[in-house]
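User: Please take a close look at one strand of this model and at what surrounds it. I would like a connected account, going from the chain as a whole down to single residues.

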Amino acid sequence: MIRGRYLIEEGRMSEANKKLVERYYREVMTLGQGDTVKFDEFVSTDAVLHNSYSNPPVGPEEWKKRVQIFTTSFSDVEITLGEVLAEGDSVATQMIYRGTHTAEFLGVPASGVRVAVDEIQIMRIQDGMIVERRSVIDMINLLAQIGATEIPASYRGSTIPGT
C-alpha cells in the first residue's frame, strides 16, 4: 500500500515539475525574452548549470548572463518543445530554439538570419525551483546558420554563452 501511494505522489511530482519547466521556457525565454526577474522566480539561488562543452559548471548569475547573451544576440526568441519527459525530480526536454540573429554572437556580426537549433536539456527540480540543468545544444549548426566561417576561439574549450 505504501508503495502504491509513493508512485501516485511521485507521478504528481513529475507532472508538477514538467509544468514548472514548461513555464520557465514560456515565461523566461519566449514571452520574457530573457527576463531576469522571471528567471529568479524559477531558478534557485544555488542552482548549477552544466553545458555540453568543457567549461566547469556555473551558478545562477552566470547562467542568467548566458540567457541574456542569447536573447540579446537573437531577437524574437521562440522555443518549441518536442518531448518533455519527467521522472522523480528530473525533467528532460527536447526543443528547438528559433530567433533572428540581430546582434553579435561569439564574434559573428548580426546576419539578420532566422535560425533554428536543437537542444536537449535535463533539469532537476527541488522544492518547486530549478536547482540543476544539463544542456546539449547543436552549436556548430547554429554557427553555420549565422555565417561563421570558422569556429570562434571562445567555443574551443573556454567560455561560451549558452541558454
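Analyst: Of the 163 residues in the protein chain of this predicted model, 41% count as buried. The chain exposes about 8,400 Å². Carbon and sulfur atoms supply 55% of that area. Among contacts with a separation of 6 or more, 58% join residues 24 or more positions apart.

The secondary structure comes to 4 helices and 5 strands. Along the sequence the pattern reads α-α-β-α-β-β-β-β-α. The 5 strands make an open sheet in the order β1-β5-β4-β3-β2, and the pairing is mixed. At the edges are β1 (43–50) and β2 (74–87), each pairing on one side only. From one strand to the next, the twist averages 25°.

The strand to look at is β4, residues 114–126. In the sheet order, β4 sits between β5 and β3. Take the β3 side to begin with. Strand β3 covers residues 90–101 and runs antiparallel to β4, with 11 bridges joining the two. One bridge pairs Ser90 with Arg124 of β4.

On the other side is β5, residues 129–137. Here too the pairing is antiparallel, over 8 bridges. Ile120 stands opposite Val136 of β5. The two strands form a hairpin, with 2 residues between them. Asp127 lies in that turn and has a positive phi of about 50°.

Now the faces of β4. In a regular strand, side chains alternate between the two faces of the sheet. The covered face of β4 holds Val115, Val117, Glu119, Gln121, Met123 and Ile125. The uncovered face holds Arg114, Ala116, Asp118, Ile120, Ile122, Arg124 and Gln126. Thus the bridge partner of Ser90, Arg124, belongs to the uncovered face. Ile120, opposite Val136, is on the uncovered face as well.

What does Ile125, on the covered face, meet? One of its contacts is Asn17, a residue of helix α1, which spans residues 2–30. Asn17 has a relative accessibility of 7%, so it counts as buried; the cut-off is under 20%. Asn17 also touches Gly88, Asp89 and Val91. Its side chain reaches the backbone oxygen of Gly88 at 3.2 Å. Val91 falls within β3, residues 90–101. Asn17 therefore contacts residues of both β3 and β4, given that contact means heavy atoms within 4.5 Å.

Further along β3 is Ile96. Its relative accessible area is 22%, so Ile96 is partly exposed. Leaving aside residues up to four places away in sequence, Ile96 touches Ala116, Val117 and Asp118, along with Glu78, Ile79 and Thr80. Ala116 and Asp118 are on the uncovered face of β4, while Val117 is on the covered one. The C-alpha atoms of Ile96 and Ala116 are 6.2 Å apart, although 20 residues separate them along the chain. Glu78, Ile79 and Thr80 fall within β2, residues 74–87.

Strand β2 continues the sheet beyond β3. The two run antiparallel and are joined by 10 bridges. Leu85 stands opposite Ala92 of β3.

One more helix belongs in this picture. Helix α3, residues 60–73, lies across β1, β2, β3 and β5. It runs at about 70° to β1.

To sum up, β4 pairs with β3 over 11 bridges and with β5 over 8. Ile125, on its covered face, touches the buried Asn17 of α1.

Note on methods. Residues numbered from 1 in each chain as written. Predicted model: local features only at pLDDT ≥ 70, side-chain atom pairs only at ≥ 80, totals over all residues. Heavy atoms only, no water. Buried < 20%, exposed > 50% of the residue type's maximum accessible area, 1.4 Å probe, protein only. Polar contact = N/O pair within 3.5 Å; in protein donor to acceptor, adjacent residues only side chain to side chain. Pairing = 2+ DSSP bridges. Axes fitted to C-alpha atoms, helices over the stretch in contact; angles between N-to-C directions. Areas by Shrake-Rupley, 256 points an atom, 1.4 Å probe, with all protein chains shown as cover.
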